[in-house]
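Work through these exercises with the sequence and the model open. Try each task before you read its solution.

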Amino acid sequence: MAYDEEIKIRSYNWQIDQLRIEDLERRCTVGLFESGSFLYTDTMGDPICRIRNCPMYNMLVAEADNEIVGVIQGTIKTVTLPSTAKDKANVGYILGLRVSPLRRRKNIGSSLVLKMEQWFITNNVDFAYMATEKDNKPSVKLFTCKLGYVPFRRPTILVDPVARHKLRISSKVEIAKLKIEQAEYLYRRFVVPTAEFFSNDMDKILRNKLSLGTWVAYPSGESWNTDLGSNAQLPSNWAMLSVWNSVDVFKLRVSIVSMPRLLCAKSSKFINKLFPCLKVPIIPDFFQPFGFYFTYGMHCEGERSDLLMRSLCRFVHNLATQREDCKVIVTEVGECDKLRALIPHSRLLSCPEDLWCIKALKVEEKHTLLACIRAPPPKSLFVDPREV
Ligand SMILES: CC(C)(COP(=O)(O)OP(=O)(O)OC[C@H]1O[C@@H](n2cnc3c(N)ncnc32)[C@H](O)[C@@H]1OP(=O)(O)O)[C@@H](O)C(=O)NCCC(=O)NCCS
């Protein structure tokens with residue numbers, strides 16, 4: 001459909017755009033559950049908060065008649081991409097694309113994406129990629145049918161509600177917080193060789209004020225060598241994860257949930273109040289703004305590390321109980337990641353198939369992209385907490 005109004009695409013300007021973008025975000029719903037419920041993001045006065053911690057970021061707005069009719073965000077970084085010749089690539093990530101409901105199907109969404117791609121190209125980006133729910137038809141069709149993106153990976157988003165009580169951690173497990181240098185060492189030695197999309201600037205992620213820390217779990221009775229060097233002896237079984245404080249970045253809120261689910265949420269809360277000793281995990285009140293902790297960089301070594309990873313997840317849960325407004329713990333794992341079975345999650349709240357789509361922005365990378373798509377999915381996928 002042709003669009004007869006003039007659309008101007010320009011960079012975001014906090015002073016004139018902040019309130020208008022928040023208003024647009026409120027009017028743009030992103031589906032969450034199958035049955036008529038929607039997820040809203042409250043950026044708490046900073047519409048650029050989701051990308052502010054990335055090494056390079058950009059936000060563009062589409063304006064018509066002095067009204068903001070669309071918005072898009074993008075980030076650039078270097079990541080591992082094992083199926084490419086260099087094993088590394090500069091990638092541009094597209095997120096937060098929203099078009100005002102009354103202005104849809106008028107090429108505003110595609111124009112915003114193309115403008116963001118131009119910014120990527122100017123900054124030497126090899127590949128652009130984006131993530132969407134696989135059932136978001138407008139988004140999937142826009143990227144794949146109109147803009148030449150190819151479905152690439154199908155990770156799972158796992159969501160675990162935080163109960164009010166702490167969970168018991170096995171006495172057979174020891175948990176220790178790592179220094180940043182130790183965490184970075186373990187990431188470079190154990191995660192980089194197997195993970196796709198591992199960020200080159202991991203040290204910056206770990207040093208960010210939103211990074212709550214990295215913890216390891218190992219069998220009780222064994223010791224953890226804190227002086228990690230190339231010959232460092234580690235226990236034969238151990239597990240590791242890092243935690244990111246998304247609670248202080250933005251809040252989420254669910255609206256218009258179907259009656260059976262509403263009743264389910266209310267009744268399990270009721271049960272919890274009446275029978276706290278039953279320890280029934282509540283489904284939190286998602287109708288009020290809530291935040292989450294994001295766990296990332298999960299890694300296990302050794303054949304008997306399942307209990308260790310489960311214990312770490314319980315540890316993160318207990319950490320989250322200390323924040324009233326942290327209602328869920330979120331993580332994202334690759335489609336072939338064996339850890340998926342160990343991470344506690346609610347099937348009701350999780351998204352079993354997120355869809356990542358990718359596009360080569362340089363002619364010489366087109367054949368590389370084919371190799372990436374044909375290659376079996378990697379053992380693990382690194383999801384950058386700064387872009388959640
Ligand atoms: C997805 C979204 C950004 C599309 O914006 P838009 O301005 O309507 O998109 P465009 O007009 O540029 O559409 C381009 C193409 O996308 C596809 N498309 C867009 N909306 C569609 C729909 N509702 N159904 C089917 N295909 C659709 C079509 O192929 C369309 O081309 P056509 O109109 O020539 O058939 C918009 O629907 C939106 O803001 N949705 C809510 C937020 C969201 O889901 N964002 C994406 C998160 S990744």
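Helices here are DSSP runs of H or I with at least four residues, strands are DSSP runs of E with at least two, and both are numbered from the N terminus. The model is predicted.

**Exercise 1. The overall count**

Task: State how many helices and strands the protein has, and what percentage of its residues is buried.

Solution.
- Step 1. Count the elements. The protein has eight helices and 18 strands.
- Step 2. Apply the burial cut-off: a buried residue has 20 or more other C-beta atoms within 10 Å of its own. Of the 388 residues, 36% are buried.
- Step 3. Look at the contacts with a separation of 6 or more. Residues 24 or more positions apart account for 79% of them.

**Exercise 2. The shell around the ligand**

Task: Find which residues come nearest to the ligand and which element supplies the largest share of the shell.

Solution.
- Step 1. List the shell. There are 22 residues around the ligand, and Arg104, Gly109, Ser110, Pro138 and Leu142 come nearest.
- Step 2. Assign elements. At least two shell residues come from each of β6 (88-99), α2 (108-122), β7 (127-133) and α3 (137-146).
- Step 3. Pick the main contributor. α3 gives seven residues, the largest share.
- Step 4. Sort by class. Nine shell residues are nonpolar, six are polar and seven are charged.

**Exercise 3. Helix α2 and its two sides**

Task: Decide where the buried residues of α2 sit around the axis, and name what covers them.

Solution.
- Step 1. Check the length. α2 has 15 residues and reaches 21 Å between its first and last C-alpha, close to the 21 Å expected at 1.5 Å a residue.
- Step 2. Collect the buried residues. They are Ile108, Gly109, Leu112, Val113, Met116 and Phe120.
- Step 3. Place them around the axis. They cover an arc of only 135 degrees, so they lie on the same side of α2.
- Step 4. Recall the geometry. An α-helix has 3.6 residues a turn, so residues three or four places apart point the same way.
- Step 5. Turn to the face away from the buried side. The exposed residues Gln118 and Thr122 are carried there.
- Step 6. Name the cover. The buried residues of α2 are covered by elements including β1 (8-11), β4, β5, β6, β7 and α3.
- Step 7. Look past the helix end. Asn124 follows α2 and has a positive phi, near 65 degrees.

**Exercise 4. Two unusual phi angles**

Task: Say where Asp65 is placed, and whether Asp65 is buried or exposed. Then do this for Asn66.

Solution.
- Step 1. Start from the rule. Most residues other than glycine have a negative phi.
- Step 2. Read the angles. Asp65 has a positive phi of about 50 degrees. Asn66 has a positive phi of about 65 degrees. Asp65 is not a glycine, and neither is Asn66.
- Step 3. Locate them. Asp65 is in the loop between β4 (56-64) and β5 (67-80). Asn66 is in the loop between β4 and β5.
- Step 4. Count neighbours against the cut-off for exposed, 12 or fewer. Asp65 has 9 other C-beta atoms within 10 Å, so Asp65 is exposed. Asn66 has 8, so Asn66 is exposed.

**Exercise 5. Val91 and Phe190**

Task: Classify Val91 and Phe190 by burial, and list their contacts beyond four places in sequence.

Solution.
- Step 1. Take Val91, in strand β6. Val91 has 22 other C-beta atoms within 10 Å, so Val91 is buried.
- Step 2. List its contacts. Val91 touches Lys77, Val79, Val125, Asp126, Phe127 and Tyr129. The C-alpha atoms of Val91 and Tyr129 are 7.3 Å apart, with their positions 38 residues apart along the chain.- Step 3. Take Phe190, in helix α4 (residues 180-191). Phe190 has 17 other C-beta atoms within 10 Å, so Phe190 is partly exposed.
- Step 4. List its contacts. Phe190 touches His299 and Glu301. Phe190 and His299 are 109 residues apart along the chain, and their C-alpha atoms are separated by 8.0 Å.

**Exercise 6. Strand pairing and helix α7**

Task: Give the direction in which β10 and β12 run, then name what covers the buried residues of α7.

Solution.
- Step 1. Pair β10 (residues 173-177) with β12 (residues 211-219). They run antiparallel, joined by five bridges. Ile175 has Ala217 of β12 as its bridge partner.
- Step 2. Move on to β13 (residues 238-245). Six bridges join it to β12, and these strands run antiparallel. Thr214 is bridged to Ser242 in β13.
- Step 3. Check α7 (residues 306-320). Its 15 residues should span 21 Å at 1.5 Å a residue, and its end C-alpha atoms are 21 Å apart, which agrees.
- Step 4. Name its buried residues, including Leu308, Leu312, Phe315 and Val316.
- Step 5. Name the cover. It includes β9 (156-161), β10, β12, β13, β15 (291-301) and β16 (326-333).

Conventions: Residues are numbered from 1 along each chain as its sequence is written. This is a predicted model: local features need pLDDT of at least 70, side-chain atom pairs count only at pLDDT 80 or more; totals for chains, interfaces and linings use all residues. A residue is near a molecule or strand if its C-beta atom, placed from the backbone, lies within 6 Å of it. Ala, Val, Leu, Ile, Met, Phe, Trp, Tyr, Cys and Pro count as nonpolar, Asp, Glu, Lys and Arg as charged, and the others, Gly among them, as polar. Two residues are in contact if their C-beta atoms, placed from the backbone, lie within 7 Å. The expected span of a helix is 1.5 Å times one less than its number of residues. The arc is that of the directions from the helix axis to the C-beta atoms. Two strands pair if DSSP finds at least two bridges between them.
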